[in-house]
Amino acid sequence: MARITARNLVKRYGAFQAVHGINFDIEDGEFVAILGPSGCGKSSTMRMIAGLESISDGEILFDGRRVNEIRPRDRNVAMSFENYALYTPITVYENIAFPLRAAGVNKADIDRKVWDIAAKMELTPLLEQMPASLSSGQAQRVSLARALVREPSVFLLDEPISHLDTRQRYRMRRFIKSIHQEFGHTMIYVTHDQEEALALADRVMVMSNGEIQQLDTPQQVYTRPANVFVAGFVGEPPINFFDFTSETDGEITIEGNRITVPESLRPHLGRIGKRGTAAVRPHFMELGETSPIRLKGRGFITEELQDHNEIFVDVGETRVSLVTPPDKHVARGEEVTISINPDHLLLFPPRQQKEENFDVV
């Protein structure tokens with residue numbers, strides 16, 4: 001296991017800069033997910049940690065030791081990819097044993113290690129099968145076992161389950177979580193799927209345009225996003241945004257609805273200015289007059305999702321969504337009142353401004 005430190009880390013591909021001088025610390029044994037859209041720099045960051053990409057500027061340290069010039073094979077880093085790349089001419093046993101044989105481990109230790117990891121990954125009945133006979137989920141578990149059998153200091157996973165169907169992804173998430181709890185490896189998990197990141201990681205590093213937008217616990221990333229980008233990228237259904245104006249201290253106006261801002265947010269209105277962006281997640285809104293923060297709207301549609309409903313309401317020119325119990329319905333055009341949980345109202349500067357360093361208040 002290893003503690004990973006990045007200092008002013010930069011990656012350039014010719015004139016294009018993919019990673020812009022980022023800094024982070026990943027603790028020994030921690031599970032960190034790097035989350036962001038395609039092209040945000042997350043895979044480049046992971047590949048620099050592995051040594052598969054050169055570092056344009058800055059440095060990476062393992063347990064305080066600079067590894068910029070150390071070859072990938074000497075960093076004791078294991079990787080698992082979306083493409084599990086099993087060796088088709090040999091059995092599952094030999095696939096798992098391959099890195100141990102390459103390292104010159106003796107036969108008895110290889111056998112013990114392979115059977116041990118196979119048991120933990122529920123692969124024992126498959127050891128004599130050929131990769132072509134495996135399901136995609138089984139093949140991914142073999143790929144993970146082959147990486148883990150080396151007992152790496154750092155385990156890197158690059159979109160390892162994105163190609164699986166919903167049921168297999170759900171099962172593989174449990175496997176990956178249990179692997180971390182069982183082995184305690186320092187793990188870095190790269191994904192564009194915010195559900196995977198929030199479900200698996202101790203902390204989530206949200207990236208956009210080659211910069212870290214927020215590095216925090218899943219709970220904080222979800223409830224206290226650092227800026228408009230994080231708020232909008234994380235969460236399903238997506239967060240609701242409202243443009244607001246503020247003419248007096250302690251009050252804002254959203255689509256003609258005048259709202260008294262909670263005491264905890266009032267000191268920040270002056271810093272934001274006369275115009276800004278309010279945000280609230282669909283789970284923190286409900287129908288009826290249950291909160292002092294209310295908006296008037298008209299029903300659009302109700303999506304019935306069995307265990308809950310998602311209701312869409314037009315508040316002025318803004319269409320918002322609410323997650324409600326399955327017995328709640330709104331007719332098209334029906335006048336409704338929406339209540340917002342005051343503890344989960346978020347305020348940001350206006351969305352048209354540069355979003356990289358917005359502070360949630």
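## Strand E9, covered on both sides

A residue counts as buried here when its relative accessible area is under 20%. Keep that cut-off in mind for this predicted model, starting with strand E9, which spans residues 203-208. How many of its six residues are buried? Six of the six are, so by the under-20% cut-off the strand is mostly covered.

Look at the two faces of E9 in turn. One side carries Arg 203, Met 205 and Met 207, and the other carries Val 204, Val 206 and Ser 208. Every one of these residues is buried, which leaves both faces covered.

## Who E9 pairs with

E9 has strand E3 (residues 31-35) as a parallel partner, with four bridges joining the two. If you want a spot to find that pairing on screen, go to Val 32, which sits opposite Arg 203 of E9.

Strand E10 (residues 211-216) pairs with E9 too, this time antiparallel and over five bridges. Here Met 207 has Ile 212 in E10 as its bridge partner. E9 and E10 make up a hairpin, with two residues between the strands. In that turn, Asn 209 has a positive phi of about 50 degrees.

## A cavity elsewhere

Now for the empty space. The structure has one cavity of 30 Å³ or more, and the largest cavity holds about 30 Å³.

Which residues line the largest cavity? They are Tyr 222, Thr 223, Arg 281, Phe 284, His 344 and Leu 346. By type, that lining splits into three nonpolar residues, two polar and one charged.

Terms used
Residues numbered from 1 in each chain as written. Predicted model: local features only at pLDDT ≥ 70, side-chain atom pairs only at ≥ 80, totals over all residues. Heavy atoms only, no water. Buried < 20%, exposed > 50% of the residue type's maximum accessible area, 1.4 Å probe, protein only. Pairing = 2+ DSSP bridges. 1 Å grid on protein atoms, 1.4 Å probe; cavity = no way out; pocket = protein on both sides within 12 Å on 5 of 7 lines; lining within 4 Å. Points joined across faces, edges and corners; volume = space filled by probe spheres on them. Nonpolar A, V, L, I, M, F, W, Y, C, P; charged D, E, K, R; others polar.
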